[in-house]
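Me: I want to learn how to read a model like this one. Can we take it feature by feature?

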Amino acid sequence: MQVFSERTDKPHAYLFGEYTNQLSFDPIELALSEDGQVWQSIFDDSNLSNVYLIDFDWLPPVIADTYRTAGSRDGQQLANSRLGPRDLVLKFIAYCHSDADEKLTFQSLSSFLIRRHNYWIAFDNGGGRMYHVREKTITAEYYGDKMMMITVTLNNFTGVAQSIMPSNHINEMPNIGLGLPTDTVNYVFSTSEFDVNNIGELPVDPLVQGDYLDIVLTGTGSPTIANTTTGDAITCTKSLTTGDTFNLIGVNPQINGQAAGINTDNGIIRLASGNNHFKITGCQDLNCTVSFYFKYLN
């Protein structure tokens with residue numbers, strides 16, 4: 001997957017001998033995607049060639065607690081706790097030629113960031129993470145007719161960040177900052193017992209949180225997939241034959257691409273943060289792929 005620009009002349013701080021390059025800093029590259037698969041970099045938008053991202057907030061988590069009262073009992077009881085939405089603030093600087101150019105630049109940046117649908121945003125120094133956002137506000141401060149500062153506030157309404165790449169493709173791009181161990185992580189298995197390392201800071205919960213978790217299993221027999229770490233399990237009651245594929249997409253099981261809830265015991269699979277020990281029984285000649293995104297507090 002290509003997330004950031006492939007340009008060889010990306011904007012950067014001037015080097016010795018670069019007399020036509022007036023930048024005194026390295027701008028941050030940001031990229032946007034509506035589906036998390038096809039990305040557009042700000043460096044590839046010709047209308048924003050004079051606009052540079054200079055800073056963005058590392059987001060602290062926002063805890064949203066709900067309390068309840070119990071009769072005449074003093075105080076309150078904690079009913080539930082979740083991560084609430086939070087603001088992601090971006091700071092841009094733009095060098096322009098005139099007042100009219102400033103207005104056009106502001107319009108171009110607004111068009112780049114304001115979308116009809118929710119979208120993902122990623123930063124080249126953001127540690128391989130992306131944020132699901134909606135545009136909230138965009139304001140400009142003008143310094144004469146040649147320069148302006150633009151502040152953009154985005155609503156990270158999910159309250160979390162997640163890896164740009166899913167687990168089974170995590171080695172396809174640099175992921176400094178995701179917490180990858182020094183040894184190789186693997187998410188494709190051919191044994192009946194294996195460990196799935198969720199290197200994210202948060203559990204993966206398709207049932208409550210609607211998290212993406214895609215387990216693909218081929219083999220023969222009636223498999224039971226169990227995560228002994230969380231105590232979760234799901235059993236396919238239909239016997240698979242050579243060439244059949246059992247697929248658990250979130251909480252929705254499929255066999256050969258067709259809905260197969262009636263052919264299971266309606267079990268679920270979740271992942272704890274850290275190591276998860278899996279055990280598959282009732283199946284021979286198996287091959288299993290576990291695909292999910294790593295989730296982070298900021």
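The turns below go through confidence, the pocket, a salt bridge and a surface patch.

Me: Where do I start?

Reply: Start with confidence, since this is a predicted model. Where pLDDT is low, the coordinates should not be read in detail. Here the mean pLDDT is 91, and 99% of residues reach 70 or more.

Me: Which elements have the lowest and the highest mean pLDDT?

Reply: Strand E5 has the lowest, at 83. Strand E14, residues 232–235, has the highest, at 97.

Me: Next, pockets. What is the volume of the largest pocket?

Reply: Take volume, then lining, then class. The volume of the largest pocket is about 640 Å³. Its lining has 28 residues, and the closest to the centre are Thr-158, Val-160, Gln-209, Asp-211 and Lys-295.

Me: Which strand gives the most to that lining?

Reply: E5, with 3 residues. Strands E5 (77–83), E8 (129–143) and E10 (161–163) each supply at least two. Keep the confidence values in mind here: E5 is also the element with the lowest mean pLDDT.

Me: How does the lining split by class?

Reply: There are 13 nonpolar, 9 polar and 6 charged residues.

Me: Now charge pairs. How many salt bridges are there?

Reply: Look for a Lys or Arg side-chain nitrogen within 4 Å of an Asp or Glu carboxyl oxygen. That rule gives 7 salt bridges. One of them joins the side chains of Asp-87 and Lys-136, at 3.0 Å from N to O. This pair links distant parts of the chain. Asp-87 sits in strand E6 (residues 86–95) and Lys-136 in strand E8, 49 residues apart.

Me: Last, the surface. Which residues make the nonpolar patch?

Reply: Leu-207, Val-208 and Val-251 make a nonpolar surface patch of about 270 Å². To place it on the fold, find Leu-207 in the loop between strand E12 (193–198) and strand E13 (213–227).

Technical notes. Residues are numbered from 1 along each chain as its sequence is written. This is a predicted model: local features need pLDDT of at least 70, side-chain atom pairs count only at pLDDT 80 or more; totals for chains, interfaces and linings use all residues. Side-chain values use heavy atoms; hydrogens and water are left out. Patches are made of residues with over 30% relative accessible area and no salt bridge: like charges are joined within 9 Å, nonpolar side chains (Val, Leu, Ile, Met, Phe, Trp, Tyr) within 5 Å. Accessible areas come from the Shrake-Rupley method with a 1.4 Å probe; for residues, only the protein chains shown count as cover. Helices (H or I, at least four residues) and strands (E, at least two) are DSSP runs, numbered from the N terminus. On a 1 Å grid over the protein atoms alone, a cavity is a set of points where a 1.4 Å probe fits but cannot get out, and a pocket is an open set with protein on both sides within 12 Å along at least five of seven lines; lining residues have an atom within 4 Å of a point. Grid points are joined across faces, edges and corners, and a volume is the space filled by probe spheres set on the points. Ala, Val, Leu, Ile, Met, Phe, Trp, Tyr, Cys and Pro count as nonpolar, Asp, Glu, Lys and Arg as charged, and the others, Gly among them, as polar. pLDDT is the predictor's confidence in each residue, from 0 to 100.
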